[in-house]
There are 2 protein chains.
Amino acid sequence: MREYNTEILSVGTELLLGHITNTDTRDISEMLSRIGVNVRYQTVVGDNPERLAQCVAIAKTRADVIITTGGLGPTCDDLTKQVLAESFGRKLVENAAEREGLYEYIRTGKDFTPNNFSQALLPEGCTVFHNRWGTAPGCAFEAEGKIVLMLPGPPNECVPMFREYGIPYLKKLSGEQILSHTVRIFGMGESAVDDLFAEEMNAMRNPSMAPYAKECDCLLKVTAKAKTEEEAEDMMAPVIAHVKEKLGEYVYGMDVECIEEAVLPLMKEKGLTFAAAESCTGGDVARRITEIPGASAVFLGGCVTYTNEVKSRLLGIDLELIEHNGAVSEPVARLMAERVRALTGADIGLGVTGLAGPDGDGVHEVGTVFVSMAVEGETYVRELRLGTFRTRSFIRRMAGNHLYDMMRRYLTGLKVL
Amino acid sequence: MREYNTEILSVGTELLLGHITNTDTRDISEMLSRIGVNVRYQTVVGDNPERLAQCVAIAKTRADVIITTGGLGPTCDDLTKQVLAESFGRKLVENAAEREGLYEYIRTGKDFTPNNFSQALLPEGCTVFHNRWGTAPGCAFEAEGKIVLMLPGPPNECVPMFREYGIPYLKKLSGEQILSHTVRIFGMGESAVDDLFAEEMNAMRNPSMAPYAKECDCLLKVTAKAKTEEEAEDMMAPVIAHVKEKLGEYVYGMDVECIEEAVLPLMKEKGLTFAAAESCTGGDVARRITEIPGASAVFLGGCVTYTNEVKSRLLGIDLELIEHNGAVSEPVARLMAERVRALTGADIGLGVTGLAGPDGDGVHEVGTVFVSMAVEGETYVRELRLGTFRTRSFIRRMAGNHLYDMMRRYLTGLKVL
């Protein structure tokens, strides 16, 4: 089977200035590695036609697939299509459907100026990747024995477009299937997971297995390469069963992105609802579940009570009790969960109060957080020490993970504390 | 004055697999842009000596400064020094001080194996960058008219080493400062901004100006290159004044990352507080302001009311009124802002109710959102049509931007609607 060596060529002066991080390249590389396409080079060049043309010339000498990101927009900086088309001897022609699409866009009442229509110019004979996430379309074509894909730069356009159009386009070229499953883990760090499986992992080739650290949890990725998807699945099944057995209750889900994504179907299954009263997380616990479509089936709402007075006004917690125990305390966390549960009529009430930093309160160290869960007849409280050297955003996210972990444990019959 | 064109060459297969993000390159680029060194190319290549040697050969043809990251460690994958030394005809010799340093490190009781001593091998005649953050030293040398710097890959070693050794080393070579300011814009798209300034931008060289699209707003970046920081600031001042005048009330801030970051100091200045009642944004409006340290001075809290019943239970909005008008309606938005203001005792109450999708409600199209702001004696409501083709997360973020924009306009005496 032919190997498809790939170069990703990102175009954008803002990358060279360090103003933005090249997450597009990371995400494209990660998706390519999953379907067995080798990325050999990643190059970044500015919005300069001569230097871009030189980079394309170099890429032609060393890659079979050239994927560009950025430079497809309507401004005068945006020159990727022009340079690539010229470099491969293709004309740019106006695509009628895309021009129509731009008209559609105008009708939504968005700002639109004549130079936007330059986005409908595409290399002759290309496969158009219609952009449902923004305006600039991407495309793919084959020329001079090379495969060229062009994607817009903004990550919220580039990544879904590559997933939806780029990967299927390239998959047709490769005769192999590489599939992966991820086992998501909470409560055990990457190095502990690594230690647990080190020997087996070193001995494994296909399927293979590797641990990855995420910001506030970690995962084990199992990957298999085979002629068919079924064969790859069959190769992975026993490995995944073994991993799940060995990790036991630390596993919160398979092929999910975050713990709340694992909790949502558990709640739906049982027909339960929840609500949250948040202090230091400032709405992030609610934001996370409501980021998922369909959350309204299980999440009712709740309160963000950022000051003592609002804890008292919205949740009816006695101000004296707060002042006596401190806002960051077990009794306040307990009452927050219980009161939000009663107020909203939810089956499960969550509470969280703590110190996300960077400033302390003179009493607790930064990273001290109380998370609580009230259910019929019982309230659970976990006291967390998330580390004084952690960022505000880490502490907030980790506190939320603990809340969702408490729910998961409760819903699956595991010990909550 | 000579220009120092730079190429950053990152070595590491894990980058090509998308397992890690290339933050080293971003951070180095950002530091270089501040001292007026142009980064022209950023290249990533795997742990493969032939391909690395080819990349070095290309870098020699197009850069004056070559900065490598990664591949300096003790394992057999680590070959950057060998390849660079060979490519520039330098021998690797053992550095006695660094070997001593490695002995020191052993005494701290860390894991250490004999191959660790390979880290003390460095190109003959180089300037050694001692690594206080890990074990592998970096270095710099000049050869064939090029300047070569080598840094270890782990970001917590690479970044401080470049800051402490790399920047001073290069500063001696460059006499220039590059500074930038960003003008943040809400309510006008990137292409409209581009249209407005296209002619001027094309004519400008130094200072220069370019528009950038962000997910839900956009910015104009003004950059100047000069001998001193003062001179660069003086060159930018009239351009920024002109831009601000031309864009008028669309400008929400300078050198900030988001609109809430501009609103926070305005609120502090006036000693005002606010609270939010959120439906479709599900806590995101609260999350955004509380992401910023010091938010507790102006943000009291609020409610997430994801269901009609909870809108009634927490905010006391009549269920019949909700059912009669629909939850996504002007009267409900109005009451949400007014009630949360009254409940919390805040100066400003915000409300937001809408359809973030992907599913519709059979009445409104996805992207229909009502945002509201209640102040003493007045309540403002904006009806938004954010577009049926937008993602859930875009609609939620954009709705929040409109709320913060209403606050900004109110606080600075502009027309709110």
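This passage describes the chain contact, the sheets and selected packing in a predicted model.

The interface between the two chains is considered before the elements within each chain. Chain A contributes 67 residues to the contact, and chain B contributes 69 residues. On the side of chain A that touches chain B, 24 residues are nonpolar, 27 are polar and 16 are charged. Strand pairing also links the chains. Strand S2 of chain A, residues 38-45, pairs with strand S2 of chain B, residues 38-45. The two run antiparallel and share 5 bridges. Within this pairing, Gln42(A) has Val44(B) as its bridge partner in S2(B).

A second element spans both chains. It is an open sheet of 10 strands with mixed pairing. The strand order is S17(A)-S16(A)-S15(A)-S13(A)-S14(A)-S14(B)-S13(B)-S15(B)-S16(B)-S17(B). Thus S14(A) stands beside S14(B) in the order. The edges are formed by strand S17 (378-385) of chain A and strand S17 (378-385) of chain B, each of which pairs on one side only. On average, neighbouring strands of the sheet are turned by 15 degrees against each other, direction ignored. One pairing of this sheet lies within chain A. Strand S13 (residues 274-278) and strand S14 (residues 299-305) of chain A run parallel and are joined by 5 bridges. Ala275(A) is bridged to Gly301(A) in S14(A). In chain B, helix H13 (residues 330-344) lies across the strands of that chain. The strands it crosses are S13 (274-278), S14 (299-305), S15 (348-354), S16 (368-375) and S17 of chain B. The helix runs at about 145 degrees to S15(B).

Strand S8 of chain A, residues 146-151, has two pairings described here. With strand S3 (residues 65-69) of chain A, S8(A) pairs in the parallel sense over 5 bridges. With strand S7 (residues 138-143) of chain A, S8(A) pairs in the antiparallel sense, again over 5 bridges. Met150(A) takes part in both pairings. Met150(A) is the bridge partner of Thr68(A), and it is also the bridge partner of Cys139(A). S7(A) and S8(A) form a hairpin with 2 residues between the strands. In this hairpin, Glu144(A) takes a positive phi near 50 degrees.

Helix packing was examined for a pair in chain A. Helix H2 (residues 23-34) packs against helix H6 (residues 155-171) at an angle of about 20 degrees, and the axes are 10 Å apart. Because of this angle, H2(A) is roughly parallel to H6(A). The crossing of the two helices is right-handed. From H2(A), the contact involves Thr23(A), Asp24(A), Asp27(A), Ile28(A) and Met31(A). These residues meet Pro155(A), Cys158(A), Val159(A), Phe162(A), Arg163(A) and Ile167(A) of H6(A). By class, the contact comprises 7 nonpolar, 1 polar and 3 charged residues.

A further site lies in helix H5 (residues 96-107) of chain A, which contains Leu102(A). Leu102(A) counts as buried because 20 other C-beta atoms lie within 10 Å, and the cut-off for burial is 20 or more. Residues up to four places away in sequence aside, Leu102(A) touches Asn116(A), Phe117(A), Gln119(A), Ala120(A) and Thr135(A). Gln119(A) is 17 residues from Leu102(A) in sequence. The C-alpha atoms of Leu102(A) and Gln119(A) are 8.5 Å apart in space.

Definitions and conventions. Residues are numbered from 1 along each chain as its sequence is written. Chains are lettered from A and ligands numbered from 1 in the order in which they are written. This is a predicted model: local features need pLDDT of at least 70, side-chain atom pairs count only at pLDDT 80 or more; totals for chains, interfaces and linings use all residues. Axes are lines fitted to C-alpha atoms, for helices over the stretch in contact, and angles run from 0 to 180 degrees between N-to-C directions. Helices (H or I, at least four residues) and strands (E, at least two) are DSSP runs, numbered from the N terminus. Angles under 35 degrees count as roughly parallel, over 145 as roughly antiparallel, 65 to 115 as roughly perpendicular and the rest as oblique. A crossing is left-handed if the near helix is turned anticlockwise from the far one by less than a right angle, and right-handed if clockwise. Two residues are in contact if their C-beta atoms, placed from the backbone, lie within 7 Å. Ala, Val, Leu, Ile, Met, Phe, Trp, Tyr, Cys and Pro count as nonpolar, Asp, Glu, Lys and Arg as charged, and the others, Gly among them, as polar. Two strands pair if DSSP finds at least two bridges between them. A residue is buried if 20 or more other C-beta atoms lie within 10 Å of its own, exposed if 12 or fewer, and partly exposed in between; C-beta atoms are placed from the backbone.
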